[in-house]
Amino acid sequence: MHHLSFYQFLMTERNPNSHHEIAEFANNAFLDQSFPKQSQEYDELSRYLEFNASYLPTMTIFDEAWEMYLDKTN
């Protein structure tokens with residue numbers, strides 16, 4: 001099991017000056033008080049984002065970020 005939660009990984013992608021989709025996702029997730037910060041589960045995160053993350057224009061961005069997360073933690 002990875003020791004880094006998805007949220008912790010995502011925070012490394014934050015960049016207030018970037019318009020890259022993943023950086024924007026990270027910036028918005030940082031402001032989302034309810035984000036499941038400890039989760040390492042794709043299904044839990046995916047469900048949360050689908051129902052709660054109006055700031056995520058498409059789930060494809062999450063899928064891309066998830067792939068980056070897996071690359072970094074495996």
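Let's start at one residue and work outwards: Ser46 has its place in helix α3, which covers residues 42-52. Keep in mind as you look around that this is a predicted model. Is Ser46 buried or exposed? Its relative accessibility is 11%, and because buried means under 20%, Ser46 counts as buried. If you set aside the neighbours within four places in sequence, Ser46 is in contact with Met59 and Phe62. Phe62 is worth remembering, since we will meet this residue again.

Now step back to take in the whole chain. How many helices and strands are there in the protein? There are four helices and zero strands, and from the N terminus on the elements run α-α-α-α. The radius of gyration is 11 Å, close to the 11 Å that the globule rule gives for 74 residues, so the protein is as compact as a globular protein of that length. Taken along the principal axes, the C-alpha atoms fill a box of roughly 30 × 25 × 20 Å. Of the 74 residues, 41% count as buried. The accessible surface comes to about 4700 Å², and carbon and sulfur atoms hold 48% of that surface.

How do parts of the chain that lie apart in sequence meet? Among the contacts with a separation of 6 or more, 53% are between residues 24 or more positions apart. The interior shows where some of these meetings can be looked for. The largest nonpolar core has 20 residues, and those that touch the most other members are Phe6, Leu10, Phe25, Phe35, Leu49, Leu56 and Phe62. Each of the helices α1, α2, α3 and α4 supplies at least two residues of this core.

Let's visit two of these core residues in turn. Leu10 has its place in helix α1, and with 0% relative accessibility Leu10 counts as buried. Not counting residues up to four places away in sequence, Leu10 touches Ile22, Phe25, Ala26, Ala29, Phe35 and Ala65. For a sense of distance, take Leu10 and Ala23: they are 13 residues apart along the chain, and their C-alpha atoms are separated by 8.3 Å.

Several of the residues touched by Leu10 lead us to helix α2, residues 21-31, where the buried residues are Ile22, Ala23, Phe25, Ala26, Asn27 and Ala29. Which helices do the buried residues of α2 pack against? They pack against α1, α3 and α4. Phe25 is a good place to follow this packing. Leaving aside its neighbours within four places in sequence, Phe25 is in contact with Phe6, Leu10, Phe35, Leu49, Tyr55, Leu56, Ile61, Phe62 and Ala65.

Some of these names belong to aromatic residues, and they deserve a tour of their own. The count comes to 12 aromatic pairs. One of them joins Phe6 and Tyr69, an edge-to-face pair with 5.5 Å from centre to centre and 90° between the planes. Why does this pair tie together parts that are 63 residues apart in sequence? Phe6 lies in helix α1 (residues 6-11) and Tyr69 in helix α4 (residues 59-73), so the pair links those two parts. Both Phe6 and Tyr69 are buried.

Here Phe62 returns, paired with Trp66 in a tilted arrangement: the ring centres are 6.0 Å apart, and the planes are at 50°. Phe62 and Trp66 both belong to helix α4, and they are four residues apart, about one turn of the helix. Phe62 and Trp66 are also buried. Seen together, Phe6, Phe9, Phe25, Tyr42, Phe62, Trp66 and Tyr69 form one aromatic cluster.

Rings in this model have charged partners too. The charged end of Arg14 sits over the ring of Phe30, at 3.5 Å from the ring's centre. In another place, the charged end of Lys37 sits over the ring of Tyr7, at 5.1 Å from its centre.

Let's end the walk at Leu70, which has its place in helix α4. Leu70 has a relative accessible area of 23%, so this residue is partly exposed. Leu70 and Glu13 are 57 residues apart along the chain, and their C-alpha atoms are separated by 14 Å.

Definitions and conventions: Residues numbered from 1 in each chain as written. Predicted model: local features only at pLDDT ≥ 70, side-chain atom pairs only at ≥ 80, totals over all residues. Heavy atoms only, no water. Phe/Tyr/Trp six-rings, centres within 6.5 Å; stacked < 30°, edge-to-face > 60°. Buried < 20%, exposed > 50% of the residue type's maximum accessible area, 1.4 Å probe, protein only. Lys NZ or Arg CZ within 6 Å of the ring centre and 35° of its normal. Rg over C-alpha atoms; globule rule 2.2 N^0.38 Å. Contact = heavy atoms within 4.5 Å. Areas by Shrake-Rupley, 256 points an atom, 1.4 Å probe, with all protein chains shown as cover. Core = buried A, V, L, I, M, F, W, Y, C linked by side-chain atoms within 4.5 Å.
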